[in-house]
Amino acid sequence: MTFAQAAAAEIAAGIDDMYDAFLAGDQQRFDTHLDPDVTTWETHLPGPLRTRAELDEYRARRDAAGQRPRLAVLAPRDKRIDVWEDFGVARYELVAQLGPDDEPEITRVTDVVRRVDGRWVIVHHHAELVREPVGAA
């Protein structure tokens, strides 16, 4: 296995663990996958959030309002990951589903990662909700 293949497998495992942590409600474990200066741009979030501190402020407001999402499914699929030395880019679709009978939402995600102290962390996260079914004309 090449360095790039091994690194891509580590990044993929980190992405899977991050979403498992979200489903488990384990914000501390989730945050181990984020750089302190991570930028977070998502369709449903206000503005771009330019640091993890700004993300934490948003989370505190959301949670105080009782709006923390509770999902049955939150799973990345169709990952494509490229690595160049200490940097990488992961692109994938994220499937979110409230309950087993609810229609899933699909989000296109791009994560830029870098290796810090031997661990891959996300330095930029961009997620865009797909408004029409994937594959629609």
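Here a colleague and a modeller talk through a predicted model and the terms used for it.

Colleague: Before we start, what should I keep in mind about this model?

Modeller: The model is predicted, so local features need pLDDT of at least 70 and side-chain atom pairs count only at pLDDT 80 or more, while totals for chains, interfaces and linings use all residues. Residues are numbered from 1 along each chain as its sequence is written, and side-chain values use heavy atoms, with hydrogens and water left out.

Colleague: Happy with that. How do you know that the span of helix α1 agrees with what its 22 residues should give?

Modeller: Helices (H or I, at least four residues) and strands (E, at least two) are DSSP runs, numbered from the N terminus. The expected span is 1.5 Å times one less than the number of residues. For residues 3-24 that makes 32 Å, and the end C-alpha atoms of α1 are 31 Å apart, so the two agree. After the helix comes G25, with a positive phi near 75 degrees.

Colleague: Why is H124 called buried?

Modeller: Buried means under 20% relative accessible area, exposed over 50%, and partly exposed in between, with a 1.4 Å probe and protein chains only. H124 has 17%, so the residue counts as buried. H124 sits in strand β5.

Colleague: What is H124 in contact with, beyond its neighbours within four places in sequence?

Modeller: Contact means heavy atoms within 4.5 Å. By that rule H124 touches V38, T39, W41, T110, D111 and V112. D37 is 87 residues away from H124 in sequence, yet their C-alpha atoms are 8.6 Å apart.

Colleague: And what makes the H124 and T39 pair a polar contact?

Modeller: The term needs a pair of N or O atoms within 3.5 Å; within protein, one must be able to donate a hydrogen and the other to accept it, and residues adjacent in sequence count only if both atoms are side-chain atoms. The side chains of H124 and T39 are joined at 2.4 Å, which is within that 3.5 Å limit.

Colleague: How do you know that β4 and β5 pair?

Modeller: Two strands pair if DSSP finds at least two bridges between them. β4 and β5 have ten, running antiparallel, and R114 is bridged to V121 in β5. Their hairpin has two residues between the strands, and D117 there takes a positive phi near 50 degrees. β3 and β4 also pair in the antiparallel sense over ten bridges, with R91 partnered by T110. β2 and β3 are likewise antiparallel with ten bridges.

Colleague: Why do β1 and β2 count as edge strands?

Modeller: The open sheet has the order β1-β5-β4-β3-β2, with mixed pairing. β1 and β2 each have a single partner strand, so one side of each is left without a neighbour in the sheet.

Colleague: Last one: what makes a set of residues a nonpolar core, and which members touch the most others here?

Modeller: A nonpolar core is a set of buried Ala, Val, Leu, Ile, Met, Phe, Trp, Tyr and Cys residues joined through side-chain atoms within 4.5 Å. The largest one has 28 residues, and I11, M18, Y19, L34, I81, V83 and Y92 touch the most other members. α1 gives the most to this core, with nine residues. Y19 is in contact with residues including L74, P76, Y92 and L94, leaving aside neighbours within four places in sequence.
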